[in-house]
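Thanks for asking me to look this one over. My notes are below, numbered so you can reply point by point.

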Amino acid sequence: MTLARRFTRRELLMRLGIVFNGIAGVIVAVPIVRYLLAPVTRERKVGYDSWIPLGNLEQFPSGETRLATYRNPVVNPWDGDTADIACWVCNVDGQMFQVFAINCAHLGCPVRWFPQSSLFMCPCHGGVYYQDGSRASGPPERGLFEYHYRIESGKLLIKAGEMPTPGQAGNIVRNIRTCV
Ligand code: FES
């Protein structure tokens, strides 16, 4: 009888242990599984794939680089002015454009365009980029990120919902003429 009771208690504890371990396992596994499946299952916010106008083509004279801003299409109501994002627009030859993210490819500081030297310079750690966005010197390991762009009804549009990343085709080295 005593043995039977010990066995029952052990068995009970074993089952409780299995149940608690199972619950703990599920609690740990859910966020991991959600993370792994996120690329497939996550819903993209409205505006993610939208094309945003930067302005009329006349605002970007041929051969010059100008600052432009757009409103991030993927915003929250509380984002305020932080949703206004700047970028550099280079009208290469009146036909072809390059639109650069303003953020340095090193740690994201905003780069500035210096027409006197035809260079983009980063104030944080001395990163320097040529006028075509390629890396000139300093800590950045690559050139500036580029947006996809298109021209429609005399306006320059960029695909801004998806921020530029190293994987985008627009960042592949191209044989293009540069702005001055
Ligand atoms: S953030 Fe630009 S060089 Fe470091």
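1. What share of the 180 residues of the chain counts as buried? The figure comes to 20%. Bear in mind that this is a predicted model, so the confidence scores in the next point deserve a look too.

2. On confidence, the average pLDDT over the chain is 86, and 84% of the residues reach at least 70. The stretch to watch is residues 168-178, where the pLDDT is below 50. That stretch still has 15 contacts in the model beyond near neighbours in sequence, but I'd read them with the score in mind.

3. As for the overall make-up, the chain has one helix and eleven strands. Starting at the N terminus, the helix comes before the run of strands.

4. Now the contacts. Taking those in the chain with a separation of 6 or more, 50% are between residues 24 or more positions apart.

5. One open sheet is worth a look on screen: it has three strands in the order 1-11-10, paired antiparallel. Strand 1 (51-56) and strand 10 (149-152) are at the edges with a single partner strand each, so one side of each has no neighbour in the sheet. On average, neighbouring strands here are turned by 30° against each other, ignoring direction.

6. Zooming in on that sheet, strand 10 and strand 11 (residues 155-159) run antiparallel and are joined by four bridges. If you want a spot to find by eye, Glu152 sits opposite Lys155 of strand 11. As a reminder, strands of a sheet pair through backbone hydrogen bonds, in either a parallel or an antiparallel way.

Methods: Residues are numbered from 1 along each chain as its sequence is written. This is a predicted model: local features need pLDDT of at least 70, side-chain atom pairs count only at pLDDT 80 or more; totals for chains, interfaces and linings use all residues. Two strands pair if DSSP finds at least two bridges between them. Helices (H or I, at least four residues) and strands (E, at least two) are DSSP runs, numbered from the N terminus. Axes are lines fitted to C-alpha atoms, for helices over the stretch in contact, and angles run from 0 to 180 degrees between N-to-C directions. pLDDT is the predictor's confidence in each residue, from 0 to 100. Two residues are in contact if their C-beta atoms, placed from the backbone, lie within 7 Å. A residue is buried if 20 or more other C-beta atoms lie within 10 Å of its own, exposed if 12 or fewer, and partly exposed in between; C-beta atoms are placed from the backbone.
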